[in-house]
Amino acid sequence: VSTQSTWGTYQPVCQNCKNAYNASEGEGGQPLILECQHTFCEPCVKKSIKDSNVVCPKCSKRTAVPPQGTVALRHNYALSELNQVDEEVLQRQPTCAVLDAMGATCPVCMEEYFPPKLPYLLRCGHSACDRCLRSMVKSRRSTKICCPVCNVDHDLSVQEEVSVNVALKRAVDTVLAFKRKSKET
């Protein structure tokens, strides 16, 4: 995930077109996840369709376009819901406060995705931290869990059901790098 830091603000942008993600149609559009786990805005995904497949702009891996079109691809809801943060907030607030202001928090425990806590992406497109997912598996004594946001069933023993939300992790890592750099200067 690239970031935009112009006019004193920070927010994740599409790696391909550099437009900020948003939850509505139009410029930027919703962040969609390809099978290779790369995330791009919906307009870039649509431009990358060749022979009923999306060709990843980063790694060239192909993702089949579902019969319903790109709207049926997995959405990276956590990334589209991140709030824009002013550079002043980035500089003056503690890291946890910045991540909280961005909305980079687990919907279960409400804690920030702060290392070593990783955001994991469920097949439905929602994310939760690794600790909460492990806790859900342990309490149910099963690898079958229900998404804490939309209640869709997932079997975590199936590799395609869960993966690190790389795009959200990069957004958090970018904030952490900014905070480290600002301490050095």
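This is a chat between a student and an author about the predicted model shown above.

Reader: Okay, how many helices and strands are there in the protein?

Author: You'll find six helices and 14 strands.

Reader: And how compact is the protein for its 185 residues?

Author: It is as compact as a globular protein of that length, because its radius of gyration is 17 Å, close to the 16 Å from the globule rule. The C-alpha trace spans about 50 × 45 × 25 Å along the principal axes.

Reader: How much of the protein counts as buried?

Author: 45% of the 185 residues do. The accessible surface comes to about 9800 Å², and carbon and sulfur atoms hold 49% of that.

Reader: Let's go inside. What's in the largest nonpolar core?

Author: That core has 40 residues, and Leu34, Leu122 and Leu133 have the most contacts inside it. Several elements supply at least two residues each, including α1 (42-47), α4 (95-102), α5 (130-140) and α6 (166-184).

Reader: Which one gives the most?

Author: α6 does, with six residues.

Reader: You mentioned Leu133. What does leucine 133 touch, leaving aside its neighbours within four places in sequence?

Author: Its contacts are Tyr120, Leu122, Ala128, Ile145, Leu156 and Val162. Leu122 is also on the list of residues with the most contacts inside the core.

Reader: Changing topic: what's the strand order in the three-strand open sheet?

Author: The order is β5-β6-β7, with antiparallel pairing. β5 (49-50) and β7 (62-64) are at the edges with a single partner strand each, so each has one side without a neighbour in the sheet.

Reader: How many bridges join β5 and β6?

Author: Two, and β6 covers residues 53-55. If you want a spot to look at, isoleucine 49 stands opposite valine 54 in β6.

Reader: What holds strands of a sheet together, in general?

Author: Strands pair through backbone hydrogen bonds, and they can run parallel or antiparallel.

Reader: Last one: how many disulfides are there?

Author: Zero. Take cysteine 132: the nearest cysteine sulfur belongs to cysteine 129 and is 3.4 Å away, while a disulfide needs the sulfur atoms within 2.5 Å.

Reader: What about cysteine 146, where is the closest cysteine sulfur?

Author: That one is in cysteine 147, but at 7.2 Å it is too far for a bond.

Reader: Are those two, cysteine 132 and cysteine 146, buried or exposed?

Author: Cysteine 132 is buried, with a relative accessible area of 10%. Cysteine 146 counts as buried too, at 17% relative accessibility, because the cut-off for buried is under 20%.

Note on methods: Residues numbered from 1 in each chain as written. Predicted model: local features only at pLDDT ≥ 70, side-chain atom pairs only at ≥ 80, totals over all residues. Heavy atoms only, no water. Core = buried A, V, L, I, M, F, W, Y, C linked by side-chain atoms within 4.5 Å. Buried < 20%, exposed > 50% of the residue type's maximum accessible area, 1.4 Å probe, protein only. Helix = DSSP H or I, 4+ residues; strand = E, 2+ residues; numbered from the N terminus. Contact = heavy atoms within 4.5 Å. Pairing = 2+ DSSP bridges. Rg over C-alpha atoms; globule rule 2.2 N^0.38 Å. Areas by Shrake-Rupley, 256 points an atom, 1.4 Å probe, with all protein chains shown as cover.
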